[in-house]
Amino acid sequence: MNPVPVATLDELGDIPLGVEVPDADLELALVRIGDEVFAIRDECSHGKVRLSEGDVDASLCAIECYLHGSMFDLRTGAAINLPATQPVPVYRCVIEDDQVLVDIDNPINNQEN
């Protein structure tokens with residue numbers, strides 16, 4: 001695992017944070033639920049819009065695409081409901097000294113759109 005810094009914990013609030021990964025062609029939506037931080041590719045697999053503009057359902061550990069209402073599991077990237085049927089890549093996060101580090105080279109679910 002070669003994690004890269006993408007944000008600080010102070011930048012994460014109650015809503016998703018969209019970030020561009022430095023030196024990579026990748027945009028992520030970062031979500032903080034309690035003490036956990038999740039990173040998911042910032043693009044719905046159905047509507048091709050930013051997931052970071054959607055709502056988070058902490059009870060489901062999921063993020064919603066605002067365009068058509070599809071929900072994605074933040075732990076696995078799986079589409080929870082229609083119209084999306086394909087997963088979205090999710091990435092392992094590590095917190096070190098207030099920095100959010102993401103392993104962008106190894107998606108947890110090996111789904112690359």
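**Notes on the strands and cysteines**

1. Let's start with the small sheet: strands 5, 6 and 7 form an open sheet, in that order, with antiparallel pairing. Strand 5 (56-57) and strand 7 (71-73) sit at the edges, each pairing on one side only. Keep in mind that this is a predicted model.

2. Within that sheet, strand 6 (residues 62-64) and strand 7 run antiparallel and are joined by 3 bridges. If you want a residue pair to look at, Ile63 has Phe72 in strand 7 as its bridge partner.

3. Now over to strand 10 (residues 99-102), which pairs with strand 1 (residues 4-8) in the antiparallel sense over 4 bridges. Here Pro5 is partnered with Leu101 of strand 10.

4. Strand 10 also runs antiparallel to strand 9 (residues 93-96), again with 4 bridges. Cys93 has Val102 as its bridge partner in strand 10. Strands 9 and 10 make a hairpin with 2 residues between the strands, and Asp97 takes a positive phi near 50° there.

5. On to the cysteines. How many disulfides does a search of the whole structure find? The count is 0. Cys61 is in none, and its nearest cysteine sulfur, that of Cys93, is 11 Å away. Cys61 counts as buried because its relative accessibility is 8%, under the 20% cut-off.

6. Cys65 is worth a look too. Its nearest cysteine sulfur belongs to Cys44, 3.7 Å away, and Cys65 is in no disulfide; the cut-off for a disulfide is a pair of sulfur atoms within 2.5 Å. Cys65 is also buried, with a relative accessible area of 1%.

Key. Residues are numbered from 1 along each chain as its sequence is written. This is a predicted model: local features need pLDDT of at least 70, side-chain atom pairs count only at pLDDT 80 or more; totals for chains, interfaces and linings use all residues. Side-chain values use heavy atoms; hydrogens and water are left out. Two strands pair if DSSP finds at least two bridges between them. Buried means under 20% relative accessible area, exposed over 50%, partly exposed in between (1.4 Å probe, protein chains only).
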